[in-house]
Amino acid sequence: MRALTDAGFDTDRLSEDQLEVLRALAPEELALLVDIRGRLDAAAPEVQAHADVAGGALF
(Lines give C-alpha, C1' and ligand atoms only; values in the text may rest on other atoms or scores of the structure.)
Protein backbone atom coordinates (compact mmCIF):
# COMPACT_ATOMS: atom_id res chain seq x y z
CA MET A 1 0.00 0.00 0.00
CA ARG A 2 2.95 2.28 0.59
CA ALA A 3 3.84 2.35 -3.10
CA LEU A 4 0.30 3.45 -3.94
CA THR A 5 0.17 6.22 -1.36
CA ASP A 6 3.64 7.38 -2.42
CA ALA A 7 2.33 7.54 -6.01
CA GLY A 8 -0.55 9.78 -4.94
CA PHE A 9 -3.38 7.28 -4.55
CA ASP A 10 -5.86 8.28 -1.84
CA THR A 11 -6.25 4.85 -0.28
CA ASP A 12 -8.06 6.30 2.75
CA ARG A 13 -11.20 6.73 0.63
CA LEU A 14 -11.29 3.12 -0.58
CA SER A 15 -13.50 0.41 0.85
CA GLU A 16 -11.99 -2.61 2.56
CA ASP A 17 -12.95 -4.72 -0.48
CA GLN A 18 -11.10 -2.33 -2.78
CA LEU A 19 -8.06 -2.38 -0.50
CA GLU A 20 -8.04 -6.18 -0.57
CA VAL A 21 -7.97 -6.13 -4.36
CA LEU A 22 -4.99 -3.77 -4.30
CA ARG A 23 -3.19 -5.85 -1.68
CA ALA A 24 -3.58 -8.92 -3.89
CA LEU A 25 -1.90 -7.33 -6.92
CA ALA A 26 1.21 -8.98 -8.24
CA PRO A 27 4.31 -6.75 -8.16
CA GLU A 28 4.07 -6.30 -11.93
CA GLU A 29 0.43 -5.20 -11.67
CA LEU A 30 1.27 -2.73 -8.93
CA ALA A 31 4.13 -1.29 -10.98
CA LEU A 32 1.84 -0.91 -13.99
CA LEU A 33 -0.85 0.84 -11.93
CA VAL A 34 1.70 3.27 -10.48
CA ASP A 35 3.13 3.91 -13.96
CA ILE A 36 -0.30 4.61 -15.45
CA ARG A 37 -1.11 6.99 -12.60
CA GLY A 38 2.14 8.85 -13.17
CA ARG A 39 1.53 9.19 -16.91
CA LEU A 40 -2.04 10.40 -16.37
CA ASP A 41 -0.86 12.99 -13.86
CA ALA A 42 1.89 14.15 -16.21
CA ALA A 43 -0.60 14.57 -19.06
CA ALA A 44 -3.18 16.47 -17.02
CA PRO A 45 -3.18 20.24 -16.53
CA GLU A 46 -1.81 21.33 -13.15
CA VAL A 47 -5.23 22.30 -11.81
CA GLN A 48 -6.81 19.01 -12.87
CA ALA A 49 -3.98 16.99 -11.36
CA HIS A 50 -4.93 18.31 -7.94
CA ALA A 51 -8.70 18.13 -8.39
CA ASP A 52 -10.78 15.75 -6.30
CA VAL A 53 -12.41 13.38 -8.77
CA ALA A 54 -15.29 11.61 -7.00
CA GLY A 55 -14.90 7.92 -6.30
CA GLY A 56 -11.96 7.19 -8.56
CA ALA A 57 -9.24 5.04 -7.07
CA LEU A 58 -7.00 6.01 -9.94
CA PHE A 59 -7.73 9.70 -9.71
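This passage describes the fold, the buried loop residues, the surface and the salt bridges of a predicted protein model.

The protein contains 4 helices and 0 strands. From the N terminus on, its elements follow the order α-α-α-α. Confidence in the prediction can be stated for the whole chain and for its elements. The mean pLDDT of the protein is 81, and 76% of the residues reach 70 or more. Among the elements, α2 has the highest mean pLDDT, at 94, whereas helix α4, which covers residues 46-49, has the lowest, at 56.

Of the 59 residues in the protein, 12% are buried. The accessible surface amounts to about 4400 Å², and carbon and sulfur atoms account for 58% of this area. When contacts between residues at least 6 apart in sequence are considered, 50% of them join residues at least 24 apart.

Two residues of the loop between the first helices illustrate burial. Phe9 is located in the loop between α1 and α2. Its relative accessibility is 8%, and Phe9 is therefore classed as buried, since the cut-off for this class is under 20%. Along the chain, 28 residues separate Phe9 from Arg37, yet the C-alpha atoms of the two residues are 8.4 Å apart.

Thr11 also has its place in this loop, which runs between α1 (2-6) and α2 (16-23). Thr11 has a relative accessibility of 11% and so counts as buried. Apart from its neighbours within four places in sequence, Thr11 is in contact with Met1, Leu4, Thr5 and Leu19. Of these partners, Leu4 and Thr5 carry numbers that fall within α1 (2-6), and Leu19 carries a number within α2 (16-23). A further distance concerns Leu22, which is 11 residues from Thr11 in sequence; the C-alpha atoms of Thr11 and Leu22 lie 9.6 Å apart in space.

A nonpolar patch is present on the surface. Leu32, Ile36 and Leu40 make up this patch, which has an area of about 230 Å². Ile36, one of its members, belongs to helix α3, which spans residues 27-43. The relative accessible area of Ile36 is 30%, and this residue is therefore described as partly exposed.

Charged side chains form a second group of features, and the structure holds 6 salt bridges. One of them pairs Arg2 with Asp6, with a distance of 3.3 Å from N to O. Arg2 and Asp6 are about one helical turn apart, because 4 residues separate them in helix α1. Arg2 has a relative accessibility of 64% and so counts as exposed. Asp6 is likewise exposed, with a relative accessible area of 55%.

In helix α3, a salt bridge links the side chains of Arg39 and Asp35, at 2.8 Å from N to O. These two residues, Arg39 and Asp35, are again 4 residues apart in their helix, α3, and are therefore separated by about one helical turn. The two partners fall into separate accessibility classes. Arg39 is exposed, as its relative accessible area is 52%, whereas Asp35, at 38% relative accessibility, counts as partly exposed. Elsewhere in the chain, Glu16, Glu20 and Arg23 are joined into one network by salt bridges that share partners.

Within this network, the side chains of Glu16 and Arg23 meet in a salt bridge of 2.9 Å, again taken from N to O. Glu16 has a relative accessible area of 47% and is therefore partly exposed. Arg23 is also partly exposed, with a relative accessibility of 43%.

Conventions:
Residues numbered from 1 in each chain as written. Predicted model: local features only at pLDDT ≥ 70, side-chain atom pairs only at ≥ 80, totals over all residues. Heavy atoms only, no water. Buried < 20%, exposed > 50% of the residue type's maximum accessible area, 1.4 Å probe, protein only. Contact = heavy atoms within 4.5 Å. Patch = residues over 30% accessible without salt bridge, like charges linked within 9 Å, V, L, I, M, F, W, Y side chains within 5 Å. Areas by Shrake-Rupley, 256 points an atom, 1.4 Å probe, with all protein chains shown as cover. Salt bridge = Lys/Arg side-chain N within 4 Å of Asp/Glu carboxyl O. pLDDT = per-residue confidence, 0-100.
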